Amino acid sequence: MPIHPQLTASAFKHPQYFTTLQELDAYNAQAHHPPASILPYITRSGAAVKSAEGRGKLLVSHDYKGGYTELPTARCYTFNFWSSVDTFIYFSHHRITIPPSSWTIAAHRQGVKMLGVLIFEGGAESDCLRLLLGRTSATAKPTRSSNPELSIPLSNYYAKALAKLAADRGFDGWLLNFECPLAGGVEQTHLTSVWIDVLRAEVKSAVGDHGQVIWYDSVVITGQLAWQDRLNYWNLPFYLSSDSMFTNYTWPITYPALTKKYLSSIPSSLRRDKSPSSIWVGVDVWGRGSHGGGGYGSYKAIEHVAEAEEKGEGLSVALFGQAWTWESEQDKEGWDWESWWSYEKGLWVGPAGSEPPPPPPQIATQQQDNPRGPRCEHGPYRPISSFFPTLPPPNPSLLPFFTSFSPGTGVSWFVNGQKVMQSEGKGGWTDIEKQGSVGDLVWPRPKVTWAEEGEAGGYIEEGEEKPVVRSALEMGDAWLGGSSLRISLDVLPRPHPPSPTENEDEELFRCVRVPINSLALTPGTTYDASMTYKIISNESEYVDLGLCIQLDEGDVEVVSDGNDEDQVSASGWTKTRIRFTTPSSSSSSATTATATAVVGAAAQPAAPADADIPASISLQISYTYTPSRGTSLSLLLGLLSVSQSIQPLPLTPSRGKELRWETGVTFAPLDLHGGIGAGRDPEENPIPAWVLDSGKTAYPGFAYFNIYAEAQLPSLRFEGAESAIFIGTSGVDGERDSFGIGEREIETILRLNKSEDGGQRVVRFWVQGVTDRGEVLDWADCASVDAAI
């Protein structure tokens, strides 16, 4: 939650983690209410997932400085390349790691599952036993059956408690990391594998069929701590009891193939429908024993995992400690966020040119290949994303796609193009919840294409080079949040005309498309798409920008081709919108839709997710240039949104030092076409008096809320919302409908408003919603509450 630099963020109301199982017991023994519901997990398009069948998946295990380091008044590592990822683990070394709600929201917004961690390390043997016995003293002797051949009774207490914790806190399951010996030997390991199966069932019951329980390759069936680096007889029971297994990362290069061969040798009646992709082969970005030495050499290990994919369904990859790009460099002189972003892009998407990014010097001297395996030759550098398919976020008919291109950190905060907060000095803020897609199709460089109408009209000369297009994140100017996406286009000058019929001083017209983000759309469905942009430099005589929906197959129907562009900001931001309908079924030709108008359209029935249409939302740029001089253009994209159309919501906050509010929806007057019961036989009329929108979109949600405050003037009046001071946003601890205000914060607000002492002091708080479509509510649709101090 970005907050005014002179204010303090609210404290967490719910435990962030538990250091022992007893702490979980104490928490459950108290009366408490789970935090407000956070963004639920919505699976990605079935068609997109199906297209990736046979390929391994990617899991990212985030081990950053022990976890829970994000602050609203400082900058730190954020993860932004979700389109390559299936599952994300928020890792720490506490007994029970609960993913922060902000990370869960960011992952779910991109269709990625988020897992917590249950970990037992050295000295945790008693808790390993407690896990099986249930809520009892760690020193108590377990009760045995009267039959001495039977094992100790197995309790499902902690399985239920952990599943409920995941459901209450909105994440999707657990990584089980048993890194201490199990003194009970085979009897204890057998019960542990049964307990894993119980936990798996409880998680799926509590959070849904997508829930996951992953076993980390650690202890073996004898109870010894003995990492195997692959699937084999010694860890097989734990793998079969869980959904999948995360292997250790010190494997020699022969192990991925051995793992796959061993899995295929297991009788199908015992395999429990497990496929190679359910085995996550560990790769440590810090290079601790990993083939390739980690860092930018991590691709060497992934190449050996990918080799198995060429011989049938592939194994998956578990990438551990990817925040190496930040932690390895942060203490160096001259290091800043831009330096990290360069390293991060190099690891995930590669450089914009042909050369690999230079590894940080400190790590380059430490990288060594795994001594257990033979050295081998590898091809040119490959970024991590090149090994995995680009998967779109959830279908916008189920979860509106909205991004203001925030990586989850910044130095300022903008609302409708106006800066309302600036961090002091070299500070900044981090709020993963405010993160959106940074554009999964623009890195390392956008793939520009000629527009179809240009080709069909014969405008493009044979061999004419496309303009050079570059992308960058811009923190100094934004429409919403803390950043925008900078797109730069350069047309290089040509010393000679390309043909005898062309004059080198003749002005030419060209039109290109720049894909920004992948989408999955439902057939036969009507969507609204909007874009807010700002041209910051332009050398062309003519430039026109528009939205473009490009499908892999089929046609989209543009509901209107009128012009609906409005200058929405005195600082130069412009909004354009289109409404389009996807085809009812795929056809063989690729096409696009462009328009800038919105008119009414009826909601369409949903289709099976497997039938979703792959698409992308693109920027269409039309321009003129003179061949001998070329031209250039630079613009900022402030917002992209794709959704179904709804009405904005007014807000009603309540009084108190903690602001809380509710939302409501307004509807246009009904048109009953002649009145109720009109017609010859109204009782048998099959057409309802009114038709509701889809249940998933009729009552929309909010991305976050901006909070403003103003002090009462000595004349006992208020100047109005436009004069109020931005004090922060909602979002801490998953509480999306509240904002805590302490006495010290109120005094700071009065000082910032230059309120005069004397008499009763009153502060008016304004709550301004930003919908999950990226629309900022007008002040007339917001509400305020006055608090006497």
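This passage walks through two helix packings, a strand pair and one buried threonine in a predicted model.

Some ground rules come before the details. Because the model is predicted, local features need pLDDT of at least 70 and side-chain atom pairs count only at pLDDT 80 or more, while totals for chains, interfaces and linings use all residues. Residues are numbered from 1 along each chain as its sequence is written, and side-chain values use heavy atoms, with hydrogens and water left out.

Helix H1 covers residues 21-29 and packs against helix H4, residues 125-133. Helices (H or I, at least four residues) and strands (E, at least two) are DSSP runs, numbered from the N terminus. The H1 and H4 axes lie 10 Å apart at an angle of about 45°; axes are lines fitted to C-alpha atoms, for helices over the stretch in contact, and angles run from 0 to 180 degrees between N-to-C directions. That makes the pair oblique, the label left over once angles under 35 degrees are called roughly parallel, over 145 roughly antiparallel and 65 to 115 roughly perpendicular. On the H1 side, Leu21, Gln22 and Asp25 make the contact (heavy atoms within 4.5 Å), and H4 brings in Asp127, Arg130 and Leu131. Sorted by class, these are two nonpolar, one polar and three charged residues. Here Ala, Val, Leu, Ile, Met, Phe, Trp, Tyr, Cys and Pro count as nonpolar, Asp, Glu, Lys and Arg as charged, and the others, Gly among them, as polar.

H1 also meets helix H5 (residues 157-169), with axes that come within 12 Å and cross at roughly 65°. The two helices are therefore roughly perpendicular. From H1, Leu21, Leu24, Asp25, Tyr27 and Asn28 touch Tyr157, Tyr158, Ala161, Leu162, Leu165 and Arg169 of H5. This contact splits into eight nonpolar, one polar and two charged residues.

Moving on to the strands, E21 (residues 526-538) pairs with E25 in the antiparallel sense over eight bridges; pairing takes at least two DSSP bridges. Ala529 sits opposite Ile578 of E25. E25 itself, residues 574-581, is mostly covered, with seven of its eight residues buried, that is, under 20% relative accessible area (exposed is over 50%, partly exposed in between; 1.4 Å probe, protein chains only).

Lastly, Thr325 belongs to helix H11, residues 324-327. With 0% relative accessibility, Thr325 counts as buried. Beyond its neighbours within four places in sequence, Thr325 contacts Tyr77, Trp340, Tyr343, Glu344 and Leu347. Glu344 is 19 residues away along the chain, yet its C-alpha atom is 5.9 Å from that of Thr325.
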